[in-house]
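Student: I should like to learn how strands, aromatic rings and internal cavities are read from a set of coordinates. Could we work through one example together?

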Amino acid sequence: FHTDKYIWPVGYTCKRQYASFVSNEVDKKCDYLCEVIDGGGKPLFRVTPSDAPHLAEVASSASGAWSSVMKRVNSHRQSFGLAESKTAVSGPEYFGLSFPQVKRLIQDLPGASDCAVKPMGHGCYKWQDFSAEA
C-alpha cells in the first residue's frame, strides 16, 4: 500500500514510548507497538500499548490510530486533574515512517519500486533519492 508520500508495507512494525493511559502513575510511559496490517484493499494501522494489549487502537490512517491513543491519554490525565495535552499528531512520524533512514530501507524492499508506477490512493509514490546521504 502507498500514497504519493509513503509506502505502507504490510508487516511493518516499530516500537515507540509514550504516556500510558492505564497506569496508576500519571507520568508513567509504556512501549507502543505500531503495525501496518492488511485491511483487504487498504492498509490498517494498529497501535498496541504494552501495558494494555487488549486496548489496541486500529484505524484507517496512522494519524487516526495515534490520535485515538492520545485522546485516551488525555482522558487519563484529566482523571488526575491535569490539563489536556495536544492531540494533533503526524501518524507517519509516530510510526517512524517519516524518517529518511526508514524510508530508504522501505524503498529497498522487494516490489517497492512498483509503488512509483502503480497509482493508489493519492497517486504514485514519489521515489526519493537517498544517494547523497550514503
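Tutor: The discussion below takes strands, aromatic pairs, a helix and a cavity in turn. Please keep in mind that this is a predicted model.

Student: Let us begin with the strands. In which sense do β1 and β2 run, and how many bridges join them?

Tutor: As a general idea, the side chains of a regular strand alternate between the two faces of the sheet. In this structure, β1 (residues 13–19) and β2 (residues 29–38) run antiparallel and are joined by seven bridges. Q17 has D31 of β2 opposite to it.

Student: How does β2 pair with β3?

Tutor: Strand β3 (residues 43–49) pairs with β2 in the antiparallel sense, over seven bridges. Y32 faces P49 of β3 across this pairing. The two strands form a hairpin with four residues between them, and G40 in the turn has a positive phi of about 90°.

Student: How should an aromatic pair be described?

Tutor: Two quantities describe a pair of aromatic rings: the distance of the centres and the angle of the planes. A search of the whole structure finds 10 such pairs. One of them is formed by F21 and Y32, which are tilted, with 6.5 Å centre to centre and 40° between the planes. F21 lies in the loop between β1 and β2, whereas Y32 lies in strand β2, 11 residues apart. Both F21 and Y32 are buried, and together with Y18, W66 and Y94 they form one aromatic cluster.

Student: Why is the pair of F45 and F95 called edge-to-face?

Tutor: The ring centres of F45 and F95 are 5.6 Å apart and the planes stand at 90°, so the pair is edge-to-face. Because F45 belongs to strand β3 and F95 to the loop between α2 (91–94) and α3, the pair ties together parts 50 residues apart in sequence. F45 counts as buried at 2% relative accessibility, and F95 is buried with a relative accessible area of 0%.

Student: Which residues of helix α3 are buried?

Tutor: In α3 (residues 100–107), the buried residues are K103, I106 and Q107. They cover an arc of only 100° around the axis and therefore lie on the same side of α3.

Student: Finally, how is empty space located, and which residues line the largest cavity?

Tutor: A probe the size of a water molecule, rolled over the atoms, shows where empty space is left. Here the search finds one cavity of 30 Å³ or more. The largest cavity has a volume of about 40 Å³, and its lining consists of K5, Y6, I7, L97, K103, I106 and Y125. By class, that lining has five nonpolar, no polar and two charged residues.

Conventions:
Residues numbered from 1 in each chain as written. Predicted model: local features only at pLDDT ≥ 70, side-chain atom pairs only at ≥ 80, totals over all residues. Heavy atoms only, no water. Buried < 20%, exposed > 50% of the residue type's maximum accessible area, 1.4 Å probe, protein only. Arc of directions from axis to C-beta. Pairing = 2+ DSSP bridges. 1 Å grid on protein atoms, 1.4 Å probe; cavity = no way out; pocket = protein on both sides within 12 Å on 5 of 7 lines; lining within 4 Å. Points joined across faces, edges and corners; volume = space filled by probe spheres on them. Nonpolar A, V, L, I, M, F, W, Y, C, P; charged D, E, K, R; others polar. Phe/Tyr/Trp six-rings, centres within 6.5 Å; stacked < 30°, edge-to-face > 60°.
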